[in-house]
Amino acid sequence: MKLRATWIITPLLLFILASAYAIETPRIVPRVQEIPKPIGEVFVTFKKYFTDASSHFALVSADERTHTLVAKQTTTDDLSWRHWAFCETGPVQMIYKLQDGTVTITVKLERSTPHSTLASVSADFQGRYALGGNQNTVACTSKFTLEDSILAAAGAVPGK
């Protein structure tokens with residue numbers, strides 16, 4: 001009887017443990033908010049924001065048909081980078097210095113009501129760290145500060 005219980009419990013335990021390790025939090029999580037403006041107006045606002053020199057973004061693409069915009073920014077400002085993203089490095093790379101960081105922003109818009117738009121903003125952060133001749137590119141996790149400021153620039157109300 002003990003042998004039969006062992007044959008049943010062991011695979012069941014292995015299945016449960018394997019399932020627990022398979023579930024991993026995604027690195028890129030979109031920030032979604034409703035903007036009380038029509039979708040066309042919100043699209044134009046985002047497009048102007050990403051093409052304005054003061055935003056430091058370069059507009060990569062803007063598709064009016066799918067209401068999707070992609071913009072990119074490269075920065076060497078360590079203070080802004082630490083405010084926007086968390087880069088998990090190994091013990092050796094902890095003494096490396098940020099050389100530059102690249103963030104790719106993807107904005108997707110959906111009509112919520114005739115006078116309201118649901119905006120989804122996701123940020124893909126990549127940090128390049130170096131020490132002497134050694135370089136390492138790290139995929140970083142957002143702190144959602146940048147996404148919130150982009151949504152606010154388009155008229156989203158913080159905290160809603």
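# Strand pairing, core and ring pairs

Student: Strand β6 (residues 116–131) pairs with β7. In what sense do they pair, and over how many bridges?

Tutor: The model is a predicted one. In it, F125 of β6 stands opposite C140 in β7. The two strands run in the antiparallel sense, and their pairing extends over 7 bridges.

Student: Which residue takes a positive phi in the hairpin of β6 and β7?

Tutor: The hairpin has 2 residues between its strands. A positive phi near 65° is found there, and the residue that takes it is G132.

Student: Which residue stands opposite F86 in β7?

Tutor: Besides β6, strand β7 (residues 134–142) has β4 (residues 85–86) as a partner, in the antiparallel sense and over 2 bridges. F86 belongs to this short list of β4 residues. The β7 residue opposite F86 is T141.

Student: Is S142 buried or exposed?

Tutor: S142 has its place in strand β7. Leaving aside neighbours within four places in sequence, its contacts are W84, A85, F125 and E147. The relative accessible area of S142 is 11%, and buried means under 20%, so S142 is buried.

Student: At what distance does a polar contact join the side chains of S142 and E147?

Tutor: The side chain of S142 has two polar partners to consider. One is the backbone nitrogen of F144, which this side chain reaches at 2.8 Å. The other is the side chain of E147, and that polar contact has a length of 2.7 Å.

Student: Which residues of the largest nonpolar core touch the most other members?

Tutor: This core holds 31 residues. At least two of them come from each of α2 (39–51), β3 (68–75), α3 (78–84), β5 (97–113), β6, β7 and α4 (145–153). The residues that touch the most other members are F46, F50, W81, I105 and F125.

Student: Which residues does I105 touch, not counting those up to four places away in sequence?

Tutor: I105 is one of the core residues that touch the most other members. Once residues up to four places away in sequence are set aside, the list for I105 is F50, F57, L69, V70, A71, V121, S122, A123, L146 and I150.

Student: Why do the buried residues of α4 lie on the same side of the helix?

Tutor: The buried residues in α4 are L146, E147, I150 and L151. They pack against β1 (31–35), α2, α3, β5, β6 and β7. An α-helix has 3.6 residues a turn, so residues three or four places apart point the same way. The four lie on the same side of α4 because the arc they cover around the axis is only 135°.

Student: What value is phi near in G155?

Tutor: G155 follows α4. Its phi is positive, near 110°.

Student: Which loop holds H56, and is this residue buried or exposed?

Tutor: H56 is a residue other than glycine, yet its phi is positive, near 65°. Its place is in the loop between α2 and β2 (58–63). Exposed means over 50% relative accessibility, and H56 is at 56%, so it counts as exposed.

Student: Where does H67 lie?

Tutor: H67 is also not a glycine, and its phi is positive, about 55°. Its location is the loop between β2 and β3.

Student: Which kind of aromatic pair do Y49 and F57 form?

Tutor: The structure holds 5 aromatic pairs. For Y49 and F57 the centres are 6.3 Å apart and the planes stand at 45°. Y49 is partly exposed at 23% relative accessible area, whereas F57 is buried at 8%. This pair is tilted.

Student: Which kind of pair do the rings of F50 and F57 form?

Tutor: Both F50 and F57 are buried. Their ring centres lie 5.2 Å apart, and ring pairs also link them with F46 and Y49 into a cluster. An angle over 60 degrees counts as edge-to-face, and the planes here are at 75°, so the pair is edge-to-face.

Student: Among contacts between residues at least 6 apart in sequence, what percentage join residues at least 24 apart?

Tutor: The protein chain has 4 helices and 7 strands, in the order α-β-α-β-β-α-β-β-β-β-α from the N terminus. Of its 160 residues, 31% count as buried. Among the contacts in question, the share joining residues at least 24 apart is 66%.

Note on methods. Residues are numbered from 1 along each chain as its sequence is written. This is a predicted model: local features need pLDDT of at least 70, side-chain atom pairs count only at pLDDT 80 or more; totals for chains, interfaces and linings use all residues. Side-chain values use heavy atoms; hydrogens and water are left out. Two strands pair if DSSP finds at least two bridges between them. Buried means under 20% relative accessible area, exposed over 50%, partly exposed in between (1.4 Å probe, protein chains only). A polar contact is a pair of N or O atoms within 3.5 Å; within protein, one must be able to donate a hydrogen and the other to accept it, and residues adjacent in sequence count only if both atoms are side-chain atoms. Contact means heavy atoms within 4.5 Å. A nonpolar core is a set of buried Ala, Val, Leu, Ile, Met, Phe, Trp, Tyr and Cys residues joined through side-chain atoms within 4.5 Å. The arc is that of the directions from the helix axis to the C-beta atoms. Rings of Phe, Tyr and Trp (its six-membered ring) pair if their centres lie within 6.5 Å; planes under 30 degrees apart count as stacked, over 60 as edge-to-face and the rest as tilted.
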